[in-house]
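Visitor: I should like a close look at a single part of this model, with its surroundings described in order. Please keep to what can be computed from the atoms.

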Amino acid sequence: LKRLPISKMERLSFFSRLLGLLQQGLSTALAVFAALAVLYASGDWLLGGIAILVVIAIALAAKNGLMNYFEQVRMLLNLGSAREGERLLIDGVPWRVGRINLQTRLTNPCIDGPGLRLSLDALMKMTSRPGAKHEACFPCRSGHMLLLPDDILARVQHISPDFVEITYRGGITRHIPTPEFITMQPANLSEGFLISSRIGLDYRHQQDITQRIPEQLQADVRAGLLQNVPEDQLLDLTVVFVEAASSSLDLLIAAKFSGAAAERYLDLRRLLQRLAVESCNANGWGIPFPQLVVHQAIAG
């Protein structure tokens with residue numbers, strides 16, 4: 001069986017698993033029978049009697065845990081609640097079940113190292129599910145830039161099953177338990193990101209607000225962005241009229257960047273607003289103050 005190529009496959013068919021279990025059980029039974037046969041042939045009735053008593057004791061002890069053995073056999077046949085190649089969660093972290101054996105390896109392609117090793121008894125208490133082809137395994141990988149709550153940027157240095165090591169801007173390093181890191185729901189900027197900003201213009205620009213002004217504003221903002229980031233990092237830029245508010249005509253500016261610009265996320269967000277204001281100043285577009293009208297009742 002060890003020489004068969006199928007034994008090297010990570011996922012075996014039901015027949016292959018059944019054949020393997022039968023081979024192991026038959027090998028054990030033949031080994032016990034051979035030992036007893038040797039004692040019988042040699043006429044050593046003392047050792048033979050003791051060996052028979054030991055076999056009977058083992059059989060009686062196994063009878064008490066028969067259901068547990070049955071569940072273990074189901075797991076080894078890949079018929080249990082956790083199955084090979086499927087996903088299961090441990091403390092909120094997804095893992096892929098490897099080849100089920102007495103010791104089963106759990107792996108995650110985004111987590112450094114060989115993964116986890118679980119005993120068969122521990123795996124029997126878990127439930128896995130089939131995973132989609134493009135389903136995410138972790139929010140990030142080592143080297144990615146993240147946006148944490150409160151607009152904090154951090155780079156991932158190392159990911160292990162126990163801790164995620166991140167470095168904030170300025171060099172401060174922090175080790176966060178992996179389950180706690182999952183609950184933080186960080187935004188991964190290294191896979192690309194979008195920055196949007198709104199600006200309102202005065203109602204005296206009503207005739208040009210839907211076409212001419214957005215086109216000019218987009219050209220001015222693009223020129224300013226390309227002076228600060230390489231052209232291949234600016235993937236898209238859009239300026240559209242979105243709303244006629246109570247005191248202004250609002251425009252939406254949306255810029256999409258590649259992950260290479262992730263480290264400058266906060267700077268680019270401020271730059272986008274600054275370029276919009278500079279374009280308004282250069283073209284003479286007025287930015288109104290919010291107005292609040294208060295009606296006071298006068299007693300007659």
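Does Ile-166 count as buried or exposed, and at what relative accessibility?

Guide: Ile-166 counts as buried because its relative accessibility is 0%; here buried means under 20% relative accessible area, exposed means over 50%, and partly exposed lies in between, with a 1.4 Å probe and protein chains only. The model is a predicted one, in which local features need pLDDT of at least 70 and side-chain atom pairs count only at pLDDT 80 or more, while totals for chains, interfaces and linings use all residues. Residues are numbered from 1 along each chain as its sequence is written, and side-chain values use heavy atoms, with hydrogens and water left out.

The strand that holds this residue comes next. Ile-166 belongs to strand β7, which covers residues 163-168. The chain as a whole contains seven helices and twelve strands; these are DSSP runs numbered from the N terminus, with helices being H or I of at least four residues and strands E of at least two. Beyond its neighbours within four places in sequence, Ile-166 has contacts (heavy atoms within 4.5 Å) with Leu-148, Ala-154, Arg-155, Val-156, Gln-157, Ile-172, Thr-173, Arg-174, Ile-176 and Phe-181. Leu-146 stands 20 residues from Ile-166 in sequence, and their C-alpha atoms are 9.2 Å apart in space.

The sheet around this strand can be followed from one edge to the other. Its five strands are ordered β8-β7-β6-β5-β9, in an open sheet with antiparallel pairing; two strands pair if DSSP finds at least two bridges between them. The edges are taken by β8 (173-177) and β9 (187-188), each of which has a single partner strand, so one side of each is left without a neighbour in the sheet.

On one flank, β7 runs antiparallel to β6, and five bridges join the two. Ile-159 has Val-164 of β7 as its bridge partner, and the hairpin between β6 and β7 passes through three residues. β6 in turn is joined to β5 by four bridges, again in the antiparallel sense. Across that pairing, Leu-147 is set opposite Leu-153 of β6.

On the other flank, β7 and β8 are antiparallel and share five bridges. Phe-163 is bridged to Pro-177 in β8. Four residues separate β7 from β8 in their hairpin, and in that turn Gly-170 adopts a positive phi of about 115°.

The sheet also leads to a helix. β5 (145-148) and β6 (152-159) are among the elements that cover the buried residues of α7, together with β10 (193-201), α6 (212-226) and β12 (249-257). Helix α7 comprises residues 265-283, 19 in number, and extends 27 Å between its first and last C-alpha, close to the expected 27 Å; that expectation is 1.5 Å times one less than the number of residues. Its buried residues are Tyr-265, Leu-266, Leu-268, Leu-271, Leu-272, Leu-275, Ala-276, Ser-279 and Cys-280. An α-helix has 3.6 residues a turn, so residues three or four places apart point the same way.

One residue of that helix may be taken singly. Ser-279, located in α7, counts as buried because its relative accessibility is 3%. Apart from neighbours within four places in sequence, Ser-279 touches Leu-217, Asp-220 and Trp-285. Immediately after the helix, Gly-284 has a positive phi of about 75°.

Two residues elsewhere deserve a note on backbone geometry. Most residues other than glycine have a negative phi. Asn-78, although not a glycine, has a positive phi of about 60°; it sits in the loop between α3 (66-76) and β1 (87-90) and, at 14% relative accessibility, is buried. Asp-91, likewise not a glycine, has a positive phi of about 55°. Asp-91 occupies the loop between β1 and β2 and is exposed, with a relative accessible area of 58%.

For the wider setting, 33% of the 300 residues of the chain count as buried. Of the contacts between residues at least 6 apart in sequence, 56% join residues at least 24 apart.
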